[in-house]
Amino acid sequence: MAAPFSRLCRPLWRITTTSTLNKGVRNVSSSRQQWSAQNVKTAGAASPWALNGAVCLQRLPVVSEDGSPIEEEFMELMHLMEFERSLLSDHELRLLEDAARMSRKQEGDYDSDEEDYRDNEIVTAQDLEDIWEQKPKQFQPAPRSQGVDEKDMSSSERCLADSLILLVKKDVGSQKLWLLPQIQWQTGETLRQTAERALASLPGADKKATFLGNAPCGYYKYKYPKVIQKEGSVGAKVFFFKAVLSSHKHLPLEKNSFAWVKKEELQDFLKPEYLKQVRRFIMAL
Amino acid sequence: MAGIVCRTASQIISSQASCSSVLAVRHSHWFTSVLSLKTSIPLRAEPKKKKKVDPRREIMMKERLKKKLKRLEKVPPELIPIEDFITPAKCFDETRIRDAPKLSFEESERRALLLKEWSRYKYSQHQTEMDTIEEALEAQRQALDELKLESEELYKAAVSSDMDLFPFQREGPSYTPPITNYEAPEGKYNNITRVYTQ
């Protein structure tokens, strides 16, 4: 069980909770002959950890990132090298021909009968280029930054180039903490259904999200303060499930209780221990 | 049938040839002579004699055709050409070659150094990507271990494969964000791809 990169707090947890956990395991194995629902109930009753399901809802980037300076430089170099090694295209040959014809026209001994007349006379290649340049200007694409204030955390339109995570401010005990949306597990449902319920219970427009698989992507374990600890409950375990936001109506959420946050800004919102576990599975590539 | 009747008739007539009054009665040119064997069209046309020879001939014809077919089928089918692998003739045109520019020493140095810098940058990027993935996988593995300690049923439900997830489709990021309520203009195009059949 000793992982090569164990955290400092984990061995302590192991020592304090091995006794209670073993009890839980023994109870589960003895009642295995019973049906699954009952099995789940007995497991829940035996272990002192309350189970919660949480959802890590991500709004993936809508717009591509700006490249770093080296990327920009390298891209320019690649374009240049490709251009140098390429062959002349039909359009370029036409440009050269037109230029040669113009220079011949300027000379004194110009005999127009020698030219073989083609359609090139009417529309030169340069004119075509100008037409081509004008055409895309008729289409106005949406601006990249979308004009939303970057500091407005409750809007999901901010920072279109990064992936954002939804955070909720919740009462935990006596404090108000920023958390990923979570809800208590009920008997008879899987943890993924708990996470879906957590997502659905959020006020605001219904967010259509795709859950990425049945397995949790991370967990966070914490003990209740001594005052609240009873016989059967030591603490709670929160299991996180990843979901990707597919589409939703852009209704504004309450500023004080909801936030769409980038990975770098997470540390301003979350508690250090919680943050340490959550950071592991949030990939800001 | 008619031939048999004629043959019997001719036998009767020939037996009474001397006293018959069929002397030189050539009512029609089909009867050549009274005395000779009466042959009519059906007899002379010989439809019935193709009994043994023709079936054999037909069988021989069929066998010859089959052999020809087999020889044709043995030839392997012509391979469909991959158009990407055939350089078009335009590329070998000499008039299209661009003049190679002469690079100064500084420019070639800058290029070489930038290429090396790029390889270092890409290597570090790859390392960070791999590390991030490893970290996420490890977090998931530990979460599953914890869940197993909690209850077997939940663990099994978590480990079971999700049928609805695949095929998974998502549009990636574009350069500009999508315009809300945008109606794209209808466009026409002519499909000129070549379709080959074997």
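In this predicted model, 22 residue pairs are in polar contact between chain A and chain B, counting pairs with both residues at pLDDT 80 or more. On the chain A side, helix H3 (residues 69–85) gives the most to the surface that touches chain B, with 10 residues. Put in terms of residues in contact, 70 from chain A meet 51 from chain B. The size of an interface is often given as the accessible area lost when the parts come together. Here chain A and chain B bury about 5,500 Å² between them, and 63% of that area sits on carbon and sulfur atoms.

Charged side chains also turn up at this interface. How many salt bridges does the rule find across the interface of chain A and chain B? The count is nine, while the count over all chains comes to 21. One of the pairs is Glu84(A) with Arg111(B), whose side chains meet with N and O 2.9 Å apart. This pair crosses between chains, running from helix H3 of chain A to helix H4 of chain B. The two partners can be described by how much of each is accessible. Glu84(A) has a relative accessible area of 22%, so it is partly exposed, the cut-off for buried being under 20%. Arg111(B), at 9% relative accessibility, counts as buried. The pair is also part of something wider: Glu84(A), Glu107(B), Arg110(B) and Arg111(B) are linked in a network of salt bridges.

Another salt bridge, this time inside chain A, is formed by Glu265(A) and Arg158(A), with their closest N and O atoms 3.0 Å apart. Glu265(A) sits in the loop between strand S8 (258–261) and helix H7 (266–269) of chain A, and Arg158(A) in the loop between H5 and strand S2 (164–172), so the pair ties together parts that are 107 residues apart in sequence. Glu265(A) counts as buried because its relative accessibility is 16%. Arg158(A) is buried too, with a relative accessible area of 2%.

Back between the chains, Glu146(B) and Lys221(A) bring their side chains together in a salt bridge of 3.4 Å, N to O. Glu146(B) belongs to helix H4 of chain B and Lys221(A) to strand S6 (residues 218–223) of chain A, so this pair joins two chains. Are these two residues buried or exposed? Both Glu146(B) and Lys221(A) are buried. Helix H4 of chain B (residues 105–150) is also the place of Thr132(B). Thr132(B) touches Met283(A) and Leu285(A), leaving aside residues up to four places away in sequence. Its relative accessibility is 18%, so Thr132(B) counts as buried.

Now for chain A as a whole. Its secondary structure comes to eight helices and eight strands. Of the 285 residues in chain A, 39% are buried. Among the contacts in chain A with a separation of 6 or more, 71% are between residues 24 or more positions apart.

Helix H4 of chain A (residues 90–106) gives a good look at a single helix. With 17 residues at 1.5 Å a residue, H4(A) should span 24 Å, and its end C-alpha atoms are 25 Å apart, which agrees. Which residues of H4(A) are buried? They are Leu93(A), Asp98(A) and Arg101(A). Seen down the axis of H4(A), the buried residues fall within an arc of 135°, so they line one face of the helix. The general geometry helps here: an α-helix has 3.6 residues a turn, so residues three or four places apart point the same way. Leu96(A) and Gln106(A) are exposed, and they are carried on the face of H4(A) turned away from the buried side. As for what covers the buried residues of H4(A), the cover includes helix H5 (125–134) of chain A.

Helix H3 of chain B (residues 53–74) can be checked in the same manner. Its 22 residues, at 1.5 Å a residue, should span 32 Å, and the end C-alpha atoms are 32 Å apart, which agrees. How many of the 22 residues of H3(B) are buried? The number is one, so H3(B) lies largely in the open.

How values were computed:
Residues numbered from 1 in each chain as written. Chains lettered and ligands numbered in written order. Heavy atoms only, no water. Helix = DSSP H or I, 4+ residues; strand = E, 2+ residues; numbered from the N terminus. Expected span 1.5 Å × (residues − 1). Buried < 20%, exposed > 50% of the residue type's maximum accessible area, 1.4 Å probe, protein only. Arc of directions from axis to C-beta. Contact = heavy atoms within 4.5 Å. Buried area = accessible area lost by both parts, 1.4 Å probe. Salt bridge = Lys/Arg side-chain N within 4 Å of Asp/Glu carboxyl O. Polar contact = N/O pair within 3.5 Å; in protein donor to acceptor, adjacent residues only side chain to side chain.
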